[in-house]
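Here is a short tour to follow with the structure open beside you. It goes through confidence, the cores and one loop residue.

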Amino acid sequence: MMGPVAKLTWSFPRLPEEPQQPDIPFELRHPVPANSVAAQCGETSIYVEVMKDFFGTGQPLMPSAFTLGGCAATGEDPSVQVLIFESELHGCGSTPKVTENELIYTFSLIYTPQEASYAGPIIRSSGAVVQIECHYSRVHDVSSDTLMPTWIPYASTKVAEELLVFSLKLMTDDWSFERPSNQYYLGEFINFEASVRTYNHVPFRVFVDGCVATTVPDVSAVPRYSFIENNGCMVDAKITGSSSRFMTRTQSDKLQFQLEAFRFQQVDSGLIESRIPQVPQRYDPSSTGFAAQGFGGQTPARSDFARPSQDLFGVQSKELMMGPVAKLTWSFPRLPEEPQQPDIPFELRHPVPANSVAAQCGETSIYVEVMEDFFGTGQPLMPSAFSLGGCSATGEDPSSQVLIFESELHGCGSTSWMTEDELVYTFSLIYTPQQASYSGPIIRSSGAVVGIECHYARVHNVSSDALMPAWIPYAATIVAEELLLFSLRLMTDDWRFERPSNQYYLGDFINIEASVRSYNHVPLRVFVDSCVATSVPDTNAIPRYAFIENNGCLVDAKLTGSGSQFMPRTQIDKLQFQLEAFRFQQEISGFVYITCVLKVAAASAPTNIEQKACSFSANRWVSADEDDQVCSCCDATCGIRSGNLRWDRASVGPIRVKDYAFGPIKYYHVEVESFQSHFRALMDNRNTSDDKPVQRSKSFSFKTQKETCASCEKTVYPMERLVADNLIFHNTCFCCKHCNTKLSLGSYAALQGEFYCKPHFQQLFKSKGNYDEGFGRKQHKERWASKDAESITKTA
């Protein structure tokens, strides 16, 4: 305007700032292996007992799913649900091993999951292998005559001469130390050092005969790239025009070379396995050819095509005589201690973007200059590889190797958008790598996109007359009412915070919270209309698993018999549910992506067959909103989604689900008069006095104390025992009194010896506002009144 104008005071509504979640102490709980295997090692055989509730989850497994090295169970004790395996020490696939002081027999107890009774792509149980070792002390007295060699055996001399250890290592930039990191960026040099260590041998000079790179450890895999060939020719520089080269030799037993970093085409991982092809050869002083594999590995040389040199690292047999004998002074040669590399300060260098783009924004056009040395590596790129939103360069300055682009503000694919104070035009400078002139599977340059923005101040004075609206525009009202934000989050066990970790184990429950945030809107109630799980973010990918269908029916529990369920609703704008963790069959990664359709309805509107949250529990459908009647259609068809309901998609992932892991279990031989009689005595002791311990092995024993469950009043065995508030329960009996949901030690609340899940505990308290009436008890004031009446009666 020509004159002063008051600034507009109205603007479109803005979203309030999202409250920041505080840092919460969180530690991923690793599953504790159930104490479900016991073994007894006898003189000639082994006896093993296995609980059917193998994982300690309260669910017995099928006996046919267990084998001891391929042997089925030889017996079963139905009263305690225990399987029995018996085998000779040399049977059932056992493997013997000899150490200096022990003879060890190793058995494998194998659990193989049976095919699920339901047809679906998911699994909730993984296979398991438990190693069982029987250790027996060795008796070394094998002769009464002494034997003292007075000469060094010829074999040791030959071994000492032929003991060569090859290695291939990644080195730091100054070649002083082994590089702590294996990460590189395109354009960097990878420093390799090949070396050989000799013992009692004439000096050697090491060479690199050939090198091949693959994306997996298999040297025959495709794609593969051979960059050293022909008995030591570094062909990479000639084939690709790189600067790869051998460094000047400084030590005869070491050879260093640089390889310019590259990636394989159409391979996302960026992993490279570099190997020297292994070609075993006979030892020949005039023509030596040995092999080294991997980075930093050491491989003893081979002296024969089929037979390696004598194993110097193994345990030598030991002979102790009956009488006093002087100790042998000779032994096989051993490798000297490898010097330990000190801790070195190392920090991975991240590439610094080159200052290779400059732009000038005019009133109606843009002017851009681009250095042909785009990445600052000293290598100019082809001008045809650059475009400004699809437009090629309009000029070039050969003397300074600069490309020039000019365009109108509305040209070359620009996009415009406005803020409260500015008008912004955005351009994209695109670099597309050209097809390499050489034919090979590798690339040394990646594409790049540089965003260029032109900002112009907005002029708000558009009229000579002032206009001050005294009402809120209708458009602003509509925007404020229609602003709904849907979200789907992973929550901690107590549902208070968002879970910092996305890792779970099979058998865990995944706590998911769906919510909606509204601004200037009537209160809304959120529902989960449907949910699908996939192994990749694409919801149409195969395999896929729909676990919520039919307008809010959580069908997973009915299909697979899991404990998945909706939690009782505590807030109208939030809906929480638990999903028992699973993995997709034949998917090694264990990644799961979950995408749900969320919808809202007015909080004042009653639930109906299109607006519900139903779980399958105790062979019936129940509602999270305590209106079970709306769940009657979950076994049929509940109709299609109405057009007048607001809805949107929300997703969470990736969620990583891991298998259990088991380590070896060691048992030591116990001397008994008879192995079979010893175990008959063990079995008899089960039915004798409660105070006698049942001896299962030297490292495995427990007392059959008669502990009863506080819930079912039946005997509790150690492998199914759980203690809460000084009360003992079966794992499967520790449930919420209100909804009968299975509880864990981190998800319960207790009141006067009764246990509840935390959502129902809060709900029952809020229903009456105290801990008496809400939980079906008399108020304290009524108890006091009855006590006063009793005292008056006694006084009278």
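Helices and strands here are DSSP runs, numbered from the N terminus. Please keep in mind that this is a predicted model.

## A residue between two strands

Let's start with Glu-420, which sits in the loop that links strand S27 (415–418) to strand S28 (422–431). Is this residue buried or exposed? Glu-420 is partly exposed, because its relative accessible area is 44%, and the partly exposed class lies between under 20% and over 50%.

Glu-420 also has a partner to look for: Ala-457 is 37 residues away in sequence, while the C-alpha to C-alpha separation is 9.5 Å.

## The cores

Next, have a look at the largest nonpolar core, which has 37 residues. Leu-488, Val-528, Phe-547, Phe-566, Ile-594 and Ile-655 are the members that touch the most others. Among the elements giving two or more residues to this core are strand S31 (484–490), strand S34 (524–534), strand S40 (591–602) and strand S43 (646–658).

Val-528 makes a good viewpoint: beyond its neighbours within four places in sequence, its contacts include Ala-514, Ile-548, Phe-566, Leu-575, Cys-596 and Lys-612. A second, separate core holds 25 residues, including Cys-41, Ile-46, Val-130 and Cys-134.

## Confidence along the chain

The average pLDDT of the chain is 76, and 66% of the residues reach at least 70. Residues 670–680 have a pLDDT below 50, and the model gives this stretch 17 contacts beyond near neighbours in sequence. Residues 685–705 are also below 50, with 38 such contacts in the model.

Methods. Residues are numbered from 1 along each chain as its sequence is written. This is a predicted model: local features need pLDDT of at least 70, side-chain atom pairs count only at pLDDT 80 or more; totals for chains, interfaces and linings use all residues. Side-chain values use heavy atoms; hydrogens and water are left out. pLDDT is the predictor's confidence in each residue, from 0 to 100. Contact means heavy atoms within 4.5 Å. A nonpolar core is a set of buried Ala, Val, Leu, Ile, Met, Phe, Trp, Tyr and Cys residues joined through side-chain atoms within 4.5 Å. Buried means under 20% relative accessible area, exposed over 50%, partly exposed in between (1.4 Å probe, protein chains only). Helices (H or I, at least four residues) and strands (E, at least two) are DSSP runs, numbered from the N terminus.
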